Amino acid sequence: MREPWVVGVSGASGTPYAAAVVRGLLDAGQAVDLIVSRAARLTILDETGRPFRDGHWAEDLAAWLGRDLADADLRHWPAGDLAAGPSSGSYRVRGMAVVPASTAACAGIAIGLSKDLLQRAAEVNLKERRPVVVVPRETPVTRSHLEHLIALHDAGAVVLPASPGFYGAGAAASAQQLVDFVAGKVLDALGVPHTLFRRWSGELAAARRDAEGT
(Lines give C-alpha, C1' and ligand atoms only; values in the text may rest on other atoms or scores of the structure.)
Protein backbone atom coordinates (compact mmCIF):
# COMPACT_ATOMS: atom_id res chain seq x y z
CA MET A 1 0.00 0.00 0.00
CA ARG A 2 1.30 3.43 -0.93
CA GLU A 3 2.16 5.54 2.15
CA PRO A 4 3.59 8.89 1.07
CA TRP A 5 5.06 11.74 3.05
CA VAL A 6 2.97 14.89 2.74
CA VAL A 7 4.97 18.05 2.05
CA GLY A 8 3.10 21.31 2.55
CA VAL A 9 4.61 24.50 1.16
CA SER A 10 3.22 27.70 2.67
CA GLY A 11 3.74 31.29 1.58
CA ALA A 12 6.76 32.12 3.76
CA SER A 13 10.02 33.00 2.10
CA GLY A 14 12.25 29.94 1.86
CA THR A 15 10.85 27.81 -0.96
CA PRO A 16 14.37 26.41 -1.66
CA TYR A 17 14.00 24.53 1.65
CA ALA A 18 10.84 22.85 0.34
CA ALA A 19 12.53 21.92 -2.94
CA ALA A 20 15.48 20.39 -1.08
CA VAL A 21 13.18 18.35 1.18
CA VAL A 22 11.19 17.00 -1.77
CA ARG A 23 14.38 16.10 -3.64
CA GLY A 24 15.74 14.39 -0.51
CA LEU A 25 12.58 12.32 -0.05
CA LEU A 26 12.58 11.26 -3.70
CA ASP A 27 16.29 10.42 -3.55
CA ALA A 28 15.52 8.16 -0.60
CA GLY A 29 12.90 6.33 -2.67
CA GLN A 30 9.98 7.81 -0.75
CA ALA A 31 6.56 8.63 -2.14
CA VAL A 32 5.50 12.28 -1.82
CA ASP A 33 2.13 14.03 -1.76
CA LEU A 34 2.62 17.75 -2.38
CA ILE A 35 0.39 20.63 -1.28
CA VAL A 36 1.37 24.14 -2.38
CA SER A 37 -0.67 26.95 -0.85
CA ARG A 38 -1.91 29.85 -2.94
CA ALA A 39 0.46 32.23 -1.19
CA ALA A 40 3.35 29.80 -1.79
CA ARG A 41 2.78 30.01 -5.54
CA LEU A 42 3.51 33.72 -5.40
CA THR A 43 6.62 33.08 -3.30
CA ILE A 44 7.87 30.40 -5.71
CA LEU A 45 7.37 32.79 -8.60
CA ASP A 46 9.15 35.58 -6.73
CA GLU A 47 12.09 33.45 -5.54
CA THR A 48 12.61 31.33 -8.65
CA GLY A 49 10.87 33.14 -11.49
CA ARG A 50 8.88 29.96 -12.15
CA PRO A 51 5.09 29.52 -11.96
CA PHE A 52 3.32 26.70 -10.16
CA ARG A 53 -0.03 25.89 -11.76
CA ASP A 54 -2.54 23.17 -10.87
CA GLY A 55 -3.10 22.29 -14.51
CA HIS A 56 0.63 22.04 -15.24
CA TRP A 57 1.94 21.01 -11.84
CA ALA A 58 4.13 18.14 -13.06
CA GLU A 59 5.87 20.33 -15.63
CA ASP A 60 6.22 23.24 -13.22
CA LEU A 61 7.47 21.05 -10.38
CA ALA A 62 10.11 19.41 -12.58
CA ALA A 63 11.37 22.86 -13.56
CA TRP A 64 11.35 24.01 -9.91
CA LEU A 65 13.24 20.95 -8.67
CA GLY A 66 15.55 20.90 -11.68
CA ARG A 67 15.07 17.21 -12.44
CA ASP A 68 13.10 14.70 -14.49
CA LEU A 69 10.20 13.36 -12.43
CA ALA A 70 8.97 10.74 -14.87
CA ASP A 71 9.76 7.87 -12.50
CA ALA A 72 9.01 9.70 -9.24
CA ASP A 73 6.20 8.51 -6.96
CA LEU A 74 4.69 11.95 -6.63
CA ARG A 75 1.17 13.33 -6.35
CA HIS A 76 -0.06 16.90 -6.19
CA TRP A 77 -3.20 18.01 -4.35
CA PRO A 78 -4.60 21.54 -4.94
CA ALA A 79 -4.62 23.57 -1.73
CA GLY A 80 -8.30 24.42 -2.20
CA ASP A 81 -9.39 20.77 -2.45
CA LEU A 82 -10.68 20.03 1.05
CA ALA A 83 -12.04 16.69 -0.17
CA ALA A 84 -8.53 15.52 -1.14
CA GLY A 85 -6.98 12.37 0.29
CA PRO A 86 -4.78 14.08 2.94
CA SER A 87 -7.85 15.79 4.44
CA SER A 88 -8.88 12.50 6.07
CA GLY A 89 -7.20 10.44 8.76
CA SER A 90 -8.17 7.26 6.90
CA TYR A 91 -5.91 8.26 4.00
CA ARG A 92 -2.67 6.48 4.79
CA VAL A 93 0.45 8.65 4.93
CA ARG A 94 3.70 8.40 6.89
CA GLY A 95 3.57 11.97 8.21
CA MET A 96 4.01 15.54 7.06
CA ALA A 97 6.50 18.37 6.79
CA VAL A 98 5.36 21.97 6.47
CA VAL A 99 8.32 23.74 4.89
CA PRO A 100 8.61 26.66 4.96
CA ALA A 101 5.88 27.37 7.51
CA SER A 102 4.53 30.90 7.56
CA THR A 103 3.31 32.40 10.82
CA ALA A 104 -0.22 32.28 9.38
CA ALA A 105 0.13 28.56 8.62
CA CYS A 106 1.54 27.89 12.10
CA ALA A 107 -1.35 29.76 13.69
CA GLY A 108 -3.96 28.01 11.56
CA ILE A 109 -2.57 24.56 12.33
CA ALA A 110 -2.16 25.35 16.03
CA ILE A 111 -5.79 26.40 16.49
CA GLY A 112 -7.29 23.85 14.07
CA LEU A 113 -8.52 26.46 11.59
CA SER A 114 -8.27 24.16 8.52
CA LYS A 115 -8.33 27.18 6.24
CA ASP A 116 -7.01 25.11 3.34
CA LEU A 117 -5.80 21.60 2.59
CA LEU A 118 -2.32 22.31 3.94
CA GLN A 119 -3.64 23.27 7.37
CA ARG A 120 -6.21 20.47 7.37
CA ALA A 121 -3.63 17.84 6.42
CA ALA A 122 -1.29 18.98 9.19
CA GLU A 123 -4.12 18.90 11.73
CA VAL A 124 -5.08 15.40 10.57
CA ASN A 125 -1.54 14.10 10.96
CA LEU A 126 -1.31 15.59 14.44
CA LYS A 127 -4.57 13.99 15.54
CA GLU A 128 -3.49 10.66 14.07
CA ARG A 129 -0.20 10.95 16.03
CA ARG A 130 1.95 10.76 12.92
CA PRO A 131 5.27 12.61 12.60
CA VAL A 132 4.76 16.29 11.78
CA VAL A 133 7.67 18.69 11.23
CA VAL A 134 6.98 22.41 11.05
CA VAL A 135 9.73 24.67 9.70
CA PRO A 136 9.01 28.31 10.64
CA ARG A 137 10.97 30.90 8.71
CA GLU A 138 10.33 34.25 10.34
CA THR A 139 12.48 36.62 12.36
CA PRO A 140 12.06 38.29 14.74
CA VAL A 141 9.02 36.67 16.29
CA THR A 142 6.21 38.02 18.41
CA ARG A 143 4.69 36.51 21.53
CA SER A 144 1.74 35.16 19.52
CA HIS A 145 4.15 33.43 17.12
CA LEU A 146 5.89 31.75 20.05
CA GLU A 147 2.57 30.74 21.62
CA HIS A 148 1.48 29.05 18.39
CA LEU A 149 4.80 27.21 18.13
CA ILE A 150 4.45 26.03 21.74
CA ALA A 151 0.93 24.82 20.94
CA LEU A 152 2.29 22.87 17.96
CA HIS A 153 5.03 21.36 20.12
CA ASP A 154 2.51 20.36 22.76
CA ALA A 155 0.33 18.77 20.05
CA GLY A 156 3.23 16.55 19.04
CA ALA A 157 4.86 18.43 16.18
CA VAL A 158 8.60 18.91 15.84
CA VAL A 159 9.22 22.66 15.55
CA LEU A 160 12.35 22.96 13.42
CA PRO A 161 13.28 26.58 12.61
CA ALA A 162 15.11 27.21 9.35
CA SER A 163 18.37 27.75 11.23
CA PRO A 164 21.34 26.27 9.34
CA GLY A 165 24.53 25.12 11.03
CA PHE A 166 27.95 25.94 9.61
CA TYR A 167 30.01 23.06 10.99
CA GLY A 168 29.37 20.90 7.94
CA ALA A 169 30.62 23.26 5.23
CA GLY A 170 32.26 26.09 7.18
CA ALA A 171 31.91 29.85 7.07
CA ALA A 172 32.34 29.82 3.28
CA ALA A 173 29.28 27.59 2.83
CA SER A 174 27.20 28.20 -0.27
CA ALA A 175 23.53 29.09 -0.06
CA GLN A 176 22.65 25.61 -1.31
CA GLN A 177 24.76 23.98 1.40
CA LEU A 178 22.92 25.97 4.07
CA VAL A 179 19.57 25.07 2.51
CA ASP A 180 20.58 21.40 2.40
CA PHE A 181 21.55 21.51 6.08
CA VAL A 182 18.02 22.54 7.08
CA ALA A 183 16.47 20.05 4.64
CA GLY A 184 18.67 17.32 6.11
CA LYS A 185 17.51 18.14 9.62
CA VAL A 186 13.91 17.86 8.41
CA LEU A 187 14.64 14.43 6.95
CA ASP A 188 16.37 13.43 10.21
CA ALA A 189 13.23 14.38 12.13
CA LEU A 190 11.15 12.26 9.75
CA GLY A 191 13.58 9.33 10.04
CA VAL A 192 14.51 9.41 6.34
CA PRO A 193 18.17 8.69 5.45
CA HIS A 194 20.12 11.24 3.45
CA THR A 195 23.58 12.61 2.70
CA LEU A 196 22.68 16.29 2.50
CA PHE A 197 25.30 17.48 4.99
CA ARG A 198 28.44 16.37 6.78
CA ARG A 199 27.57 15.25 10.28
CA TRP A 200 29.46 16.42 13.33
CA SER A 201 32.09 13.85 14.29
CA GLY A 202 33.72 15.57 17.26
CA GLU A 203 36.60 16.72 15.08
CA LEU A 204 37.27 20.40 14.42
CA ALA A 205 37.26 21.49 10.79
CA ALA A 206 40.95 22.46 10.82
CA ALA A 207 41.97 19.04 12.10
CA ARG A 208 39.71 17.38 9.57
CA ARG A 209 41.25 19.34 6.70
CA ASP A 210 44.76 18.39 7.88
CA ALA A 211 43.77 14.73 8.03
CA GLU A 212 42.33 14.93 4.53
CA GLY A 213 45.45 16.72 3.27
CA THR A 214 43.59 19.82 2.14
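Visitor: Before I look around, what counts as a helix or a strand here?
Guide: Helices are DSSP runs of H or I with at least four residues, strands are E runs of at least two, and both are numbered from the N terminus. Please keep in mind that this is a predicted model.

Visitor: Okay, so what does UniProt place at residues 5-190?
Guide: The UniProt record, an unreviewed entry, gives that stretch the feature "domain: Flavoprotein".

Visitor: And how much of 5-190 is helix, and how much strand?
Guide: The span is 43% helix and 15% strand, and the C-alpha atoms at its two ends lie 9 Å apart.

Visitor: In what order do the strands sit in the sheet?
Guide: Six strands form an open sheet in the order 3-2-1-4-5-6, with parallel pairing. Strand 3 (74-76) and strand 6 stand at the edges with a single partner strand each, so one side of each has no neighbour in the sheet.

Visitor: Let's take strand 1. How many of its residues are buried?
Guide: Five of its five residues are buried, so this strand is mostly covered, where buried means under 20% relative accessible area. W5, V7 and V9 point one way from strand 1, while V6 and G8 point the other way.

Visitor: Why would they alternate like that?
Guide: In a regular strand, side chains alternate between the two faces of the sheet.

Visitor: How many bridges join strand 1 to strand 2?
Guide: Five bridges join these two parallel strands, and V7 of strand 1 has L34 as its bridge partner in strand 2. Between the two strands the chain passes through helix 1, and the resulting β-α-β crossover is right-handed.

Visitor: And strand 4, how many bridges does strand 1 make with that one?
Guide: Strand 1 pairs with strand 4 over four bridges, again in the parallel sense. Within this pairing, W5 stands opposite G95, and V6 stands opposite M96.

Visitor: Switching topic: how many residues are in the largest nonpolar core?
Guide: That core has 35 residues, and V7 and L25 are those with the most contacts inside it. Several elements give two or more residues to this core, among them strand 1 (5-9), helix 1 (15-27), strand 2 (32-36) and helix 7 (175-190). Helix 1 gives the most, with eight residues.

Visitor: What does V7 touch?
Guide: Leaving aside residues up to four places away in sequence, V7 touches V21, V22, L25, V32, D33, L34, I35, A97 and V99. There is also a second, separate core of 22 residues, which includes W77, I109, V134 and L152.

Visitor: I109, which helix is that in, and what else is buried there?
Guide: I109 belongs to helix 4 (residues 103-110), whose buried residues are A105, C106, A107, G108 and I109. These buried residues pack against strand 4, helix 5 (117-127), strand 5 and helix 6 (143-154).

Visitor: What follows helix 4?
Guide: The helix is followed by G112, which has a positive phi, near 70°.

Visitor: Now rings. How many aromatic pairs are there in the whole structure?
Guide: A search of the whole structure finds five aromatic pairs. In one of them, the rings of F52 and W64 have centres 6.4 Å apart and planes at 80°, so the pair is edge-to-face. F52 lies in the loop between helix 2 and helix 3 whereas W64 lies in helix 3, so the pair ties together parts that are 12 residues apart in sequence.

Visitor: Are those two buried or exposed?
Guide: Both F52 and W64 are buried.

Visitor: What about Y167 and F181, how are their rings placed?
Guide: Their centres are 5.5 Å apart and their planes lie at 85°, so this pair is edge-to-face. The pair links distant parts of the chain, 14 residues apart, with Y167 in the loop between strand 6 (158-159) and helix 7, and F181 in helix 7.

Visitor: Why does Y167 count as partly exposed?
Guide: Its relative accessibility is 36%, which lies between the 20% limit for buried and the 50% limit for exposed. F181, by contrast, is buried, with a relative accessible area of 6%.

Visitor: Which residues form an aromatic cluster with those two?
Guide: F197 and W200 join Y167 and F181 in one aromatic cluster.

Visitor: Last one: where is R198?
Guide: R198 is found in the loop between helix 7 and helix 8 (205-212), and at 39% relative accessibility R198 counts as partly exposed. The C-alpha atoms of R198 and G184 are separated by 9.8 Å, with their positions 14 residues apart along the chain.

Key: Residues are numbered from 1 along each chain as its sequence is written. Side-chain values use heavy atoms; hydrogens and water are left out. A nonpolar core is a set of buried Ala, Val, Leu, Ile, Met, Phe, Trp, Tyr and Cys residues joined through side-chain atoms within 4.5 Å. Buried means under 20% relative accessible area, exposed over 50%, partly exposed in between (1.4 Å probe, protein chains only). Contact means heavy atoms within 4.5 Å. Rings of Phe, Tyr and Trp (its six-membered ring) pair if their centres lie within 6.5 Å; planes under 30 degrees apart count as stacked, over 60 as edge-to-face and the rest as tilted. UniProt positions are given in the numbering used here, feature names are shortened, and annotations may be inferred rather than shown by experiment. Two strands pair if DSSP finds at least two bridges between them. A crossover is right-handed if, with the strands pointing away from the viewer, the path from the first strand over the helix to the second runs clockwise.
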